[in-house]
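Biologist: Thanks for sitting down with me. Could you take me through this model, one question at a time?

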Amino acid sequence: MELRHLRYFVAVAEEKSFNKAAARLYISQPPLSRQIKQLEEEIGVTLIDRENRPLKLTEAGEFFYDHALQILKKSDDLRAMTIRKGNFDNTLSIGFVSSILYGILPKVIARFREVYPNVEIKLYELNSWQQTQGLVDGKIDVGFGRLLFEDASIRRMVLREESLVVAVPVGHPLAKEGRTSVRLMDLTNENLLLYPTAPRPSFIDYVLELFDARNLKANYFTEVRELHVALGLVAAGEGLTIVPKTLEHLRSQEVTYIPFEDGLITSPIVMSVRHFDKSELLKTLLNVTYQIYDAEGFDYKREKI
């Protein structure tokens, strides 16, 4: 059984016709029929009920179709990732979420360029889910995000847990009271400005899960397009938002940042790479990240590529 047999079978299953599948595959119908017959003989099971019009898959055929799709996708993903790996020595493509770009990522990239001045760096703003897709299809080589997704092709490394803080207008009671900390419970009846709206899942979902995990509910929240919009609306007195601590320098004249009690509310910084990718460029990128962490005095658990 070869990949072409799977592609032929999937085409017939989806077109429900040998003639239409043959046209889709740019081959004639008789060879296609023979290939499918050979596949069934090799497996020893009838996959297509030819008595029906349009054609219908048998129960075994339905099972085979679902798994054939997965195998073909993995094959296509492997091809794309290998092509990207072949071009890896001259460029490094990095996906990032905006909150990390406004944090220490620029310092990491600057330090990396000192080590590899001739490597071209390409930056793509992608949320954590998009980074997974970008790694699989070869668009990026590494991603820095805040959400964890399961994918057999991707390795996730939690670089550190970053404290979250509440951004409030300078005229808000929480700011005027001089509060040195807040609890998530204090925000249940505040108008929260959560970001980004799309694509989902996003940081919005992470924040709402923080409430759910503590049997709390964010009773009033507005979804806004991006981080800067949320902070702009906070500055205008339209509500509060939750951001990583490294963003405390943004709009600091108009916004007060209050930490959560005991620093217990955090967001992971996740570095995502393709499984088994042990490039020297990636190793260097991880090492310079830890150098910056050491210089900033961050707590973290060291990972290796």
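Biologist: Where is Lys16 found?

Modeller: Keep in mind that this is a predicted model. Lys16 has a phi near 55°, a positive value in a residue other than glycine. Most residues other than glycine have a negative phi. As for its place, Lys16 is in the loop between α1 and α2 (18–25).

Biologist: Happy to start there. Are α1 and α2 parallel, perpendicular or oblique to each other?

Modeller: Their axes come within 8 Å and cross at roughly 130°. Roughly perpendicular covers 65 to 115 degrees, and roughly antiparallel needs an angle over 145. The crossing of α1 and α2 therefore falls in the remaining class: oblique.

Biologist: And is the crossing of α1 and α2 left-handed or right-handed? Which residues of α2 make the contact?

Modeller: The crossing is right-handed. From α1, the contact takes in Arg7, Tyr8, Val10, Ala11, Val12, Glu14 and Glu15. By class, the contact of α1 with α2 has seven nonpolar, no polar and five charged residues. On the α2 side, the residues are Phe18, Lys20, Ala21, Arg24 and Leu25.

Biologist: Nice. How does helix α1 lie against helix α3, roughly perpendicular or oblique?

Modeller: Helix α1 (residues 3–15) and helix α3 (residues 29–43) pack with their axes 10 Å apart, at an angle of about 110°. Angles of 65 to 115 degrees count as roughly perpendicular. So the name for the way α1 lies against α3 is roughly perpendicular.

Biologist: Which residues of α3 make that contact, and what is the hand of the crossing?

Modeller: α1 brings Arg4, His5, Tyr8, Phe9 and Val12, while α3 brings Leu32, Gln35, Ile36, Gln38 and Leu39. By class, the contact of α1 with α3 has six nonpolar, three polar and one charged residues. As for the hand, α1 passes α3 in a crossing that is left-handed.

Biologist: Let's move to the strands. In which sense do β7 and β8 pair, and what is the hand of the crossover?

Modeller: Strand β7 (residues 191–194) and strand β8 (residues 220–223) pair over four bridges, and the sense is parallel. Within the pair, Leu192 stands opposite Phe221 in β8. Between the strands, the chain runs from β7 through helix α9 (residues 203–213) to β8, a β-α-β crossover that is right-handed.

Biologist: Which peptide bonds in the loop between β7 and α9 deserve a look, and are they cis or trans?

Modeller: Most peptide bonds are trans. Pro199 is in the loop between β7 and α9, and so is Pro201. The bond from Ala198 to Pro199 has omega near -10°, and the one that joins Arg200 and Pro201 has omega of about 0°. For Ala198 to Pro199 the bond is cis, and for Arg200 and Pro201 it is also cis.

Biologist: One more helix pair, please. How does α6 lie against α11, oblique or perpendicular?

Modeller: Helix α6 (residues 105–115) and helix α11 (residues 280–296) pack with axes 9 Å apart, at an angle of about 125°. That angle makes α6, relative to α11, oblique.

Biologist: Which residues of α6 meet α11?

Modeller: α6 passes α11 in a right-handed crossing. Among the α11 residues in contact are Leu281, Leu285, Val288 and Ile292. By class, the contact of α6 with α11 has seven nonpolar, three polar and three charged residues. From α6, the residues are Lys107, Val108, Arg111, Phe112 and Val115.

Notes. Residues numbered from 1 in each chain as written. Predicted model: local features only at pLDDT ≥ 70, side-chain atom pairs only at ≥ 80, totals over all residues. Heavy atoms only, no water. Axes fitted to C-alpha atoms, helices over the stretch in contact; angles between N-to-C directions. Helix = DSSP H or I, 4+ residues; strand = E, 2+ residues; numbered from the N terminus. Parallel < 35°, antiparallel > 145°, perpendicular 65-115°, else oblique. Left-handed = near helix turned anticlockwise from the far one by under 90°. Contact = heavy atoms within 4.5 Å. Nonpolar A, V, L, I, M, F, W, Y, C, P; charged D, E, K, R; others polar. Pairing = 2+ DSSP bridges. Right-handed = clockwise from strand over helix to strand, strands pointing away.
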